[in-house]
Amino acid sequence: LLLPHRHRTTAQDEHGLKKDNYLRTTAQINAHHANWNVFWRERRLIPQLDRFARAGNQGDRLVVMGWEPCDRLDEFIDVPDEPGILLHGGLWFGNAASDAAGQ
């Protein structure tokens, strides 16, 4: 996996940040974890499912169906042997990347 230079410079042994941040107005806890899937599940997916459920959507299909991928994340995502790096979640056309073959 070739990481963009600006992200390689942030390589660390664990995933997470020294401080918490926000996803719009929602606090994101960034406590470190050695395993990417555990970090992603515990710090990103479950908090969002819990927040949605607490807003009165406990029985909503998204909440009910969302728990299965959380419980089976290791089956869906093969954690690479790569260091933790700083990434951002901005989804816009400028955040595109490709390999040498243009894929």
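The following paragraphs describe the fold, the central helix and the charged side-chain pairs of a predicted protein model.

Because the model is predicted, local features were required to have pLDDT of at least 70 and side-chain atom pairs pLDDT 80 or more, whereas totals for chains, interfaces and linings use all residues. Residues are numbered from 1 along each chain as its sequence is written, and side-chain values rest on heavy atoms, with hydrogens and water left out.

The protein chain contains 4 helices and 2 strands, where helices (H or I, at least four residues) and strands (E, at least two) are DSSP runs numbered from the N terminus. Along the sequence, these elements follow the pattern α-β-β-α-α-α. Of the 103 residues in the protein chain, 19% are buried, the classes being buried (under 20% relative accessible area), exposed (over 50%) and partly exposed (in between), with a 1.4 Å probe and protein chains only. Contacts are defined by heavy atoms within 4.5 Å; among those between residues at least 6 apart in sequence, 40% join residues at least 24 apart. The exposed area of the protein chain is about 8,200 Å², of which carbon and sulfur atoms supply 55%, accessible areas being computed by the Shrake-Rupley method with a 1.4 Å probe and, for residues, with only the protein chains shown counting as cover.

Helix H2 spans residues 36-57 and bends by about 35° at Ile 46, with a proline, Pro 47, following within four residues; the bend is the angle between axes fitted to the seven residues ending at a position and the seven starting there. At the N-terminal end of H2, Asn 35 acts as a cap, a side-chain oxygen lying 2.8 Å from the backbone nitrogen of Asn 37. The buried residues of H2 include Asn 37, Phe 39, Ile 46, Leu 49 and Ala 53, and their cover includes strand E1 (21-23), E2, helix H3 (61-71) and H4.

Strand E2 (residues 26-28) contains Thr 26, which is buried at a relative accessible area of 14%. Beyond residues up to four places away in sequence, Thr 26 touches Asn 21, Gln 48 and Arg 51. The side chains of Thr 26 and Arg 51 are also joined by a polar contact of 3.2 Å, a term for a pair of N or O atoms within 3.5 Å in which, within protein, one must be able to donate a hydrogen and the other to accept it, and residues adjacent in sequence count only if both atoms are side-chain atoms.

Arg 41, in helix H2, is likewise buried, with 14% relative accessibility. Its contacts, leaving aside neighbours within four places in sequence, are with Ile 46, Pro 47, Cys 70 and Leu 73. Arg 41 and Asp 71, 30 residues apart in sequence, lie 8.4 Å apart in space, C-alpha to C-alpha.

Salt bridges, defined by a side-chain nitrogen of Lys or Arg within 4 Å of a carboxyl oxygen of Asp or Glu, number 3. One pairs Arg 41 with Glu 42 at 3.7 Å, N to O; here Arg 41 is buried, whereas Glu 42 is partly exposed at 37% relative accessibility. Arg 72, partly exposed at 29%, forms a salt bridge with Glu 68 at 2.3 Å and another with Glu 75 at 2.8 Å. Salt bridges with shared partners thus join Glu 68, Arg 72 and Glu 75 into one network.
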